[in-house]
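Please look over the sequence and the model below before reading on. The text then walks through a helix, two backbone angles and a set of charged pairs.

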Amino acid sequence: MRIYESYLKKYSRKLRKEMTEEEKKLWYQYLRGYPKQFRRQLPIQQFIVDFYCSEAKLAIEIDGTQHYEEEKVTADIERDDILAKLGIKVIRYNNRQINTEFRSVCEDIDRIVKSRIIGKETSPTAYGGPPSPKERVTAFYSE
């Protein structure tokens, strides 16, 4: 069962069709093919998050310049607090980071997703790569 304000469903569809260039870049060049499912422009309660991975309970926000105005900063803090009470971690990147530090942003997202779902996955290759040293040690002692 989804919990969100019903009017947001139509608006989220509109936002998916009108993504910013930075949102498109992150979606088409990284998140769309990520091993864990991400959804874009997803309503959660009274908000719409840019990207969301339910398995990791992780929301990703891409902030344009409007997010640096005092009122918007305050609203973002309140929004993040409400989402945190639902167990959702919100991470934010600005447009400049997407445009100039894209690889670092992707590596950061990957690290956070993995850290949030570690323990839920038992397969050492769940993310398409070799097991980490911690996973190897855990597997050794559990045998």
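What follows treats these topics in that order, for a model that is predicted.

Helix α2 spans residues 21–29, and its buried residues are E22, E23, L26 and W27. These four cover an arc of only 130 degrees around the axis, which puts them on the same side of α2. An α-helix has 3.6 residues a turn, so residues three or four places apart point the same way. On the face turned away from the buried side, α2 carries the exposed residues E21 and Q29. The packing partners of the buried residues are the strands β1 (39–44), β2 (47–53) and β3 (58–63), together with the helices α4 (95–100) and α5 (102–117).

Helix α2 also holds a salt bridge of its own, in which the side chains of K24 and E21 meet at 3.5 Å, N to O. Both residues lie in α2, 3 residues apart, which is about one turn of the helix. E21 counts as exposed at 56% relative accessibility, while K24 is partly exposed at 32%.

The backbone angles come next. Most residues other than glycine have a negative phi. Q41 has a positive phi, near 50 degrees, and is found in strand β1. With 2% relative accessibility, Q41 counts as buried. Q45 likewise has a positive phi, near 55 degrees, but its place is in the loop between β1 and β2. Its relative accessibility is 26%, so Q45 counts as partly exposed.

How many salt bridges does a search of the whole structure find? The search finds 10, and the K24–E21 pair is one that stays within a single helix. Another joins the side chains of E55 and K36 at 3.7 Å, N to O. E55 lies in the loop between β2 and β3 and K36 in the loop between α2 and β1, so this pair ties together parts that are 19 residues apart in sequence. E55 is partly exposed at 30% relative accessibility, whereas K36 counts as buried at 8%.

D63 and R92 form a further salt bridge, with their closest N and O atoms 2.8 Å apart. This pair links distant parts of the chain, as D63 belongs to strand β3 and R92 to strand β4 (residues 89–94), 29 residues apart. D63 counts as buried at 7% relative accessibility, and R92 as partly exposed at 24%. Through salt bridges that share partners, D63, D76, D80 and R92 are joined into one network.

Definitions and conventions:
Residues numbered from 1 in each chain as written. Predicted model: local features only at pLDDT ≥ 70, side-chain atom pairs only at ≥ 80, totals over all residues. Heavy atoms only, no water. Buried < 20%, exposed > 50% of the residue type's maximum accessible area, 1.4 Å probe, protein only. Helix = DSSP H or I, 4+ residues; strand = E, 2+ residues; numbered from the N terminus. Arc of directions from axis to C-beta. Contact = heavy atoms within 4.5 Å. Salt bridge = Lys/Arg side-chain N within 4 Å of Asp/Glu carboxyl O.
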